[in-house]
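Walk through this structure with me, from its pockets to its cores. Keep the 3D view open as you read.

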Amino acid sequence: KVGNAVGLSLLNSTGSVVIGRDTRISGGVIEAAISAGLQAAGVNVQLAGIMPTPGVAFLTRKYKANLGIVISASHNPYYDNGIKFFNADGGKLSAEQEQLIEQAIENAIVTNQDDKIGQSHAIFSAQRDYMDFVKDSVPRLNLDDMKIVLDAGHGATYRIAPMVFEELRAHITMIGDTPNGCNINNKCGSTHTKPLENAVKSNEAQVGFAFDGDGDRLVVVDEKYETVDGDEILFILANHAHQQDPLTSPVVGTSMTNMGLEVAFRELGIEFMRARVGDKHVLRLMHEHQGRFGGETSGHLICLDHATTGDGLIAALQLVAVMQSTGKSINELKQGFKKYPQVIVNININDKKQAVDHFKTQSVMRESQKQLGSNGRIVLRPSGTEPVVRVMVEGENPGLVTKLAHEIGDTLKGLSL
């Protein structure tokens, strides 16, 4: 029904769509269903197979398709799955386009006449096309046996990531590269970096890169076995670019970006702006202000000079290029950014909006903000995918930050909704 609704409402029973997926066991079934719905509506389907989300965005542009579709639930467990869309330019759909699809899903499936059913074929060069695109973001880069560990999270980068780095002459150790359909993101990848820390240590590697299930996030483990999150990666990339040629446009983070990054950029003379959480909101603000760099703490890194969306592989290559050009390690490169103590508490609540707006919640937040003063922040964020409200508190005093985060969390738990 989703495929058919897209074919009828957005594409008017014509054109073509590129479809890619991650390694989840349900991916092939959903791919077949979406393809059938699109073809029934008269749309041609180009199958990229297992492909990172940013790879589908690129292939959509390369093959001049009308839409790109990714079947993935990103960093979530294997039993979750979802459907993402890209427009012809490799960007996100507008709210109006999404609404058209939602309305059309309510209609009965329509099948074209036999001679007007869409066709389907595989893009056999999909991996090679995307690999060449990624490598073109760092022309002439030669990693000369640099020791690197890659954790593909048993996800969509498990083949492409090692091939890209090996072609650049790096010495690669792989973990999280044996997907079985049910182990994607399971105690590995960007949300669970302990295996990567151990592998960097045991292999005496210079750096380790962890991707999430669909390859649009990157988290790093440095040579001192410390985890480097999206805020720190964003600092390294933007700071290096600024040293080469002063940035005239803002770097974009989110409401959850560590306050220390804002302070560090201010000291460097780099403008910083915050968007709502979600890469589409970051992208929108970047486009509005002609920004080059944006990202989220979780590891969504957007380098608009090279890609239209967050791309873990491109971000990793930009980092090793900075390492090589400066002769510095990741640990050295991140030293200009001092994180503020930050605590996030997740509270399970079904009626998230009512909980956040409740007068008791607002009262404890006001009192907490007074205690933090001007050098601290509180953010309450209802999750977009779970029945959870995330309480984030940050400030200069770690003990006070922890205390206030749990007090606000306890208030949310005690609400009678």
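**Pockets and cores**

Five elements each supply at least two residues of the lining of the largest pocket: strand E4 (83–86), helix H4 (95–105), helix H10 (279–288), strand E15 (342–348) and strand E16 (377–382). The model is a predicted one. Among the contributors, H4 gives the most to this lining, with 4 residues.

Now the space itself. The largest pocket holds about 1,800 Å³. Its lining counts 49 residues, and those closest to the centre are His75, Arg217, Gly278, His300 and Thr385. Sorted by class, the lining of the largest pocket has 22 polar, 15 charged and 12 nonpolar residues.

Move on to the second largest pocket. Here the space is about 280 Å³. The lining has 16 residues, and His240, Ala241, Phe293, Gln318 and Val322 are the closest to the centre. Two helices to pick out are H8 and H11, each of which supplies at least two residues of this lining. The lining of the second largest pocket divides into 7 nonpolar, 6 polar and 3 charged residues.

Stay with His240. This residue belongs to helix H8, which covers residues 230–244. Is His240 buried or exposed? Its relative accessibility is 19%. Buried means under 20%, so His240 counts as buried. Which residues does His240 contact, leaving aside its neighbours within four places in sequence? They are Val322, Ser325 and Thr326. Val322 has appeared already, as one of the residues closest to the centre of the second largest pocket.

Next, the packing. In soluble globular proteins, nonpolar side chains tend to be buried together. The largest nonpolar core in this model has 68 residues. Within this core, Ile148, Phe165 and Phe209 touch the most other members. Helix H11, residues 312–326, gives the most to the core, with 9 residues. H11 thus links two parts of this tour: H11 also supplies at least two residues of the lining of the second largest pocket, alongside its 9 residues in the largest core.

Take Phe165 as a way in. Not counting residues up to four places away in sequence, Phe165 touches Leu143, Ile148, Leu150, Ala170, Ile172, Phe209, Leu313, Ala316 and Leu317. Ile148 and Phe209 are on that list. Apart from the largest core lies another, of 21 residues. Its members include Val343, Ile378, Val393 and Ala405.

Definitions and conventions:
Residues are numbered from 1 along each chain as its sequence is written. This is a predicted model: local features need pLDDT of at least 70, side-chain atom pairs count only at pLDDT 80 or more; totals for chains, interfaces and linings use all residues. Side-chain values use heavy atoms; hydrogens and water are left out. A nonpolar core is a set of buried Ala, Val, Leu, Ile, Met, Phe, Trp, Tyr and Cys residues joined through side-chain atoms within 4.5 Å. Buried means under 20% relative accessible area, exposed over 50%, partly exposed in between (1.4 Å probe, protein chains only). Contact means heavy atoms within 4.5 Å. On a 1 Å grid over the protein atoms alone, a cavity is a set of points where a 1.4 Å probe fits but cannot get out, and a pocket is an open set with protein on both sides within 12 Å along at least five of seven lines; lining residues have an atom within 4 Å of a point. Grid points are joined across faces, edges and corners, and a volume is the space filled by probe spheres set on the points. Ala, Val, Leu, Ile, Met, Phe, Trp, Tyr, Cys and Pro count as nonpolar, Asp, Glu, Lys and Arg as charged, and the others, Gly among them, as polar.
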